[in-house]
Amino acid sequence: MAASGLPADHAVGDIPPLNAAATVEKIAVNAVMAGCPPEVMPVLVAAIDAFCDPQMNAHGVQTTTNPVGPMLVVNGPIRNRLGFNFGAGCFGPGSHTNATVGRALRLALVNIGGATPGEVDKAPLGWPGKATSLCVAENEEASPWPPYHVDLGFKADEDVVTVLAVNGMWPITDMHHEAEQVLHHVTHGLAISGPCGGHDAPNPFPTVLVMSPVIAEMVAGLLPTKQELQEHLFAEARVPLDFYPPYRRQPTRDVLEKMGVAVENDRVPIVPSADYFVVLVAGGAGGLQSAGLSCMLGMPSSRPILSDPGG
């Protein structure tokens with residue numbers, strides 16, 4: 001509790017569906033159970049504050065039948081200071097900080113918010129990323145573009161945590177070393193998460209692209225700015241209209257027309273606009289790998305990580 005810089009009874013937010021107050025004391029209890037060192041308390045405080053932001057739709061995330069759960073993205077110098085893994089295997093095992101911070105958030109959502117699987121959390125299957133809440137840092141040093149928190153308007157030297165509502169992850173592994181082929185593969189790898197799986201098009205929530213540094217450098221050689229990459233993805237990461245059953249095709253066109261989104265060559269965009277693609281660089285130098293992550297029900301929410309929130 002002392003490491004948070006806040007009073008023990010300070011309420012960071014009310015976690016749905018119980019809307020119980022996430023006090024610093026309760027957050028600390030869950031952090032201890034998760035195995036967190038005290039130094040990560042400011043990260044957890046910021047993450048829970050972000051999760052309780054109305055744009056995250058925390059009640060929906062906590063109770064839906066969709067297997068959605070929070071993913072944390074950490075940016076800024078704190079990544080190095082607290083030992084967040086943003087290199088090889090950053091989504092996998094081996095990082096005490098990533099694992100325990102993600103676990104502490106999940107415990108808080110269940111123990112404070114009341115999202116008990118099968119009773120309140122109605123997801124029939126869930127997914128492994130929900131078990132501990134995904135927690136990853138961005139490999140800012142190896143990125144050819146400004147880091148994600150700078151895209152959001154924060155300064156490069158600020159410490160920031162972003163919470164995204166993620167319901168799945170899939171690998172996009174390349175065996176080629178030609179930049180054009182790699183970009184093509186990444187682009188169409190994202191399109192497999194297209195909206196034809198029962199949702200109106202396009203999906204009104206972000207799609208996340210995480211590229212390893214080698215992939216990012218190759219893509220940046222063709223598209224020097226992140227905005228150019230986002231615009232390319234919006235134009236090309238699409239699904240054919242005939243992926244939909246015949247009775248859904250005209251209603252899909254109608255939805256897109258109301259949104260002002262053009263269907264070009266009978267291809268349906270998977271998100272409403274280019275800025276719905278969240279582009280991150282993480283991972284190590286070995287291999288040509290990217291990953292796509294689909295989001296549902298909530299919009300990304302970010303908070304600065306304050307070393308002394310009460311100061």
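This is a short walking tour of a predicted model, going from the first hairpin to the helix pairs and on to a buried strand.

**Stop 1: the β1–β2 hairpin**

Start by selecting residues 11–15 for β1 and 20–23 for β2, keeping the loop between them in view. The two strands pair in the antiparallel sense, over 3 bridges. Pick out Ala 11 and you can follow its bridge across to Thr 23 in β2.

Now zoom in on the turn. The hairpin has 4 residues between its strands, and two things there deserve a click. Pro 17 sits in this loop, and the peptide bond leading from Pro 16 to Pro 17 is cis, with omega near 0°. Then go to Asn 19, also in the loop between β1 and β2. Its phi is near 55°, a positive value in a residue other than glycine. For background, most peptide bonds are trans and most residues other than glycine have a negative phi. Is Asn 19 buried, partly exposed or exposed? With a relative accessibility of 46%, Asn 19 counts as partly exposed.

**Stop 2: Thr 23**

Step along to Thr 23, which belongs to strand β2. Why does Thr 23 count as buried? Its relative accessibility is 13%, and the cut-off for buried is under 20%. Show its neighbours: leaving out residues up to four places away in sequence, Thr 23 touches Ala 8, Asp 9, His 10 and Ala 11. Try a distance label to Gly 13 as well: from C-alpha to C-alpha the two are 7.5 Å apart, with their positions 10 residues apart in sequence.

**Stop 3: α1 and its two partners**

Select α1, residues 24–34, together with α5, residues 96–111. A packed helix pair is described by the angle between the two axes and the distance between them. Here the axes come within 8 Å and cross at roughly 130°, so α1 and α5 are oblique to each other. The crossing is right-handed. Turn on side chains for Asn 30, Ala 31, Met 33 and Ala 34 in α1; they meet Thr 100, Arg 103, Ala 104, Leu 107, Ala 108 and Asn 111 in α5. Colour that contact of α1 with α5 by class and you get 6 nonpolar, 3 polar and 1 charged residues.

Swap α5 for α2, residues 41–51. The axes of α1 and α2 come within 11 Å and cross at roughly 115°, and this crossing is right-handed too. On the α1 side, select Val 24, Ile 27, Ala 28 and Ala 31; on the α2 side, Met 41, Leu 44 and Ile 48. How do the residues of the contact of α1 with α2 divide by class? There are 7 nonpolar, no polar and no charged residues.

**Stop 4: α8 and α10**

Next, bring up α8, residues 179–191, and α10, residues 226–236. They pack at an angle of about 60° with their axes 9 Å apart, so α8 and α10 are oblique to each other. α8 passes α10 in a right-handed crossing. The contact residues are Leu 183, Thr 187, His 188 and Leu 190 in α8, and Leu 229, His 232, Leu 233 and Glu 236 in α10. By class, the contact of α8 with α10 has 4 nonpolar, 3 polar and 1 charged residues.

**Stop 5: α9**

Keep α8 and α10 on screen and add α9, residues 213–222. Buried in this helix are Pro 213, Ile 215, Ala 216, Met 218, Val 219 and Ala 220. What do the buried residues of α9 pack against? They pack against α8, β6 (207–211), α10, β9 (277–281) and β10 (289–295).

**Stop 6: β3 and β4**

Select β3, residues 69–75, and its neighbour β4. The two strands run parallel, joined by 4 bridges; one to look up is Leu 72, whose bridge partner in β4 is Cys 135. In a regular strand, side chains alternate between the two faces of the sheet. You can check that on β4, residues 134–137: Leu 134 and Val 136 point one way, Cys 135 and Ala 137 the other, and all are buried.

**Last stop: Asp 266**

Finish in the loop between α11 (246–259) and β8 (267–269), where you will find Asp 266. Phi of Asp 266 is near 60°, again a positive value in a residue other than glycine. At 41% relative accessibility, Asp 266 counts as partly exposed.

Note on methods. Residues numbered from 1 in each chain as written. Predicted model: local features only at pLDDT ≥ 70, side-chain atom pairs only at ≥ 80, totals over all residues. Heavy atoms only, no water. Buried < 20%, exposed > 50% of the residue type's maximum accessible area, 1.4 Å probe, protein only. Pairing = 2+ DSSP bridges. Axes fitted to C-alpha atoms, helices over the stretch in contact; angles between N-to-C directions. Parallel < 35°, antiparallel > 145°, perpendicular 65-115°, else oblique. Left-handed = near helix turned anticlockwise from the far one by under 90°. Contact = heavy atoms within 4.5 Å. Nonpolar A, V, L, I, M, F, W, Y, C, P; charged D, E, K, R; others polar.
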